[in-house]
Every structure is written in structure tokens, then in C-alpha cells.
Amino acid sequence: MPDRKRMTLPGLFAKVAEGTPITWLTCYDYPTAFLQDAAGIDMILVGDSLGMTMLGFDSTLPVTMDDMIRHAAAVRRGAPNAWVVGDMPYMSYQPSVETAIRNAGRFMAEAGCDAVKLEGGAEMADRVAGIARAGIPVIGHLGLTPQSVSALGGFRLQGKSAAQARKIVFDAAALQSAGAFCILLELVPDRVCRLITERATDCIIMSLGSGPDAHGQLLIYHDAFALYPKFKPRMARVFADAGAVIRDGLAAYVSAVTERTFPQPENWFGMADEAYAELEQSLRDAPVEAAMGAVR
Ligand code: KIV
């Protein structure tokens, strides 16, 4: 695997300046982080989607700050070079600016993250400004924002009408002037994403299901590698069917154990003849059954 340099904020803006799309994936655990880092993924999002992909909830709402810190720290250990973003879970920033700054600080101090992400537009601008003033790089998230899925009417395209699209353009401008260095647009029409990208100044625009014209692309890892059992969203492409590979491997394991073809001598460890003979002799001389009374 090739050596890579640690990604930095200037490094991300350099990619934008040279017109090279930024690669971004979600990740929640150490071994996957190791693979993503080695593959040269620029940014990693430790998303609160882990509530669904890793913990089996039906939404992201039950995820806590402690869950996020645990997973983000594991990802950081596996990915020392990628730009790791901690996703602020439900109610970790909504109550107040101070709550938002404290919890953003936990991602940096306890998990070693490089940045945080939170959902919402102009109504969250004061949280974004507070976090940015505390010296923490912050990413906004507009369009389909899963923490508000019930208010948005489900996991569906946002900003289809001119009025809804105008609100997203307005929110993007509000987040930029509040100090967001990056905005994720999830499931908004491609032309709205292009418009916001063209208007962005000193702000990186990323797309999740919002077309090709942003500065880079994000995908949920479990969608891209067929690891989420419940559904595959249309916006995702399956780049490799890891789910099928694992299913085949599990079937092979079950048959190998059942048919006694596993384990083989290379999978176990032996004992020297003299040591084994000594063990047998000691069991004859002092049967363990006799000693059992002492441990009862
Ligand atoms: O939690 C997450 O993975 C996210 C994506 C849906 C963008 O916020």
C-alpha cells in the first residue's frame, strides 16, 4: 500500500483549487478505517448513521455523544492520515451554542477528530459560528438531514420547488458567513448543488446524491459495499459486494466445521511427548477430581 501524507485543511482547499474531486466515505470502526486510509480516501465521516448501519436502530436519533466518541476514536486509530470528521448526534448541539461548542470540543479532545459536522441551515448559524470561533473546523449539512427526517416527510429529495431550493441556497450562504469551511448537500437536485458550488467562496461543497458538480463526493460505506441489509438507496453505487463475499465465507465456515475439514494441523498447536507423558502421570498420581473439593 502506498505511503500517504496526512490530509490537512489547506490540502483539501488545494484539491478544490486544482479541480480534483475530494473523496469522502463514512466509517465507524478501526479495521475499515485502516483500509480507507490506505486507499487514500481524503475525508472520513464518522456519521451518526452508525445508529442504523452498526447498531440496528431505525433512525439516527438514539445515538449518543458517548457512542460517537467511542467510534470516532477507533476510526482515528485506524486512519492517522485522512481528515476525520465527527458527526454531532441528535441533541448534542440543538439545545444551545454552549452545548454545541462543548460537544464539538469532545470530538477534538477525546477522539482526535479534525472537524465536526452538524445538520441545519440559518437556524444553526449561531452554533456554527460558536464552534468556528472556538477554533474547530465545522461542516454544515443541508437538504435531506436525517435527524429531521420526520419533519421532512421521509428520506426523499429536498429542494424540488423554486421556493424550497431558494431556502437551501439561503441556508448555504448563512452557514458560509457563520464560518463553515464545508457544506454537505444531501439529496438536492443536481442544478441546485451546481449553483451553490459556483457561488461558494472559501467553502468546500460536497455532494451526497446531489450530482457531479460539487467539489467532491460522499457515500455511506455500507451502501457502497452492500453491507446494510435493509435497503440500498438509489443515490449509492455498489463498488464491491462485500456482503456477498462475507455471506459466502460464512457458508464455507459452517460447512468446514460441520464436515470437520476445519481446523487443520496448521490451525492448532501441539505439545511435546515428554510434557504430555508427564501430564498423564501427574493425573494418575493426583487425580484432579480429588482436588475439586478445595475449589467448591
Ligand atoms: O450520519 C451520516 O452518515 C450522515 C450522512 C447521511 C451524510 O450524516
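1. A good place to start in this predicted model is one pair of residues: Val 85 sits opposite Ala 115, a residue of strand S4. The pairing behind this is between S3 (residues 83–87) and S4, which are parallel and share 3 bridges.

2. Now follow the chain between those two strands. Helix H5 (residues 97–111) joins S3 and S4 in a β-α-β unit, and that unit is right-handed.

3. Strand S4 also has a parallel partner in S5 (residues 138–143), with 4 bridges between them. One contact to look for is Glu 119, whose bridge partner in S5 is His 141. To get from S4 to S5 the chain passes through helix H6 (residues 125–133), in a right-handed β-α-β crossover.

4. How many residues of S4 are buried? The count is 5 of the 5 in residues 115–119, so the strand is largely enclosed by the rest of the structure. Ala 115, Lys 117 and Glu 119 point to one side of S4, while Val 116 and Leu 118 point the other way.

5. Lys 117 then leads you to the ligand, as one of the closest of its 13 surrounding residues, along with Gly 47, Asp 48, Ser 49 and Asp 87. A polar side-chain atom of Lys 117 is 2.9 Å from a ligand oxygen atom. For Ser 49, the distance from a polar side-chain atom to an oxygen atom of the ligand is 2.5 Å, and an N or O atom in the Asp 48 side chain lies 2.8 Å from a ligand oxygen. The protein covers 97% of the 260 Å² of accessible area that the ligand has on its own.

6. Finally, the make-up of the shell around the ligand: 5 nonpolar, 4 polar and 4 charged residues.

Key: Residues are numbered from 1 along each chain as its sequence is written. This is a predicted model: local features need pLDDT of at least 70, side-chain atom pairs count only at pLDDT 80 or more; totals for chains, interfaces and linings use all residues. Side-chain values use heavy atoms; hydrogens and water are left out. Buried means under 20% relative accessible area, exposed over 50%, partly exposed in between (1.4 Å probe, protein chains only). Two strands pair if DSSP finds at least two bridges between them. A crossover is right-handed if, with the strands pointing away from the viewer, the path from the first strand over the helix to the second runs clockwise. A residue is near a molecule or strand if one of its heavy atoms lies within 4 Å of it. A polar contact is a pair of N or O atoms within 3.5 Å; within protein, one must be able to donate a hydrogen and the other to accept it, and residues adjacent in sequence count only if both atoms are side-chain atoms. Accessible areas come from the Shrake-Rupley method with a 1.4 Å probe; for residues, only the protein chains shown count as cover. Ala, Val, Leu, Ile, Met, Phe, Trp, Tyr, Cys and Pro count as nonpolar, Asp, Glu, Lys and Arg as charged, and the others, Gly among them, as polar.
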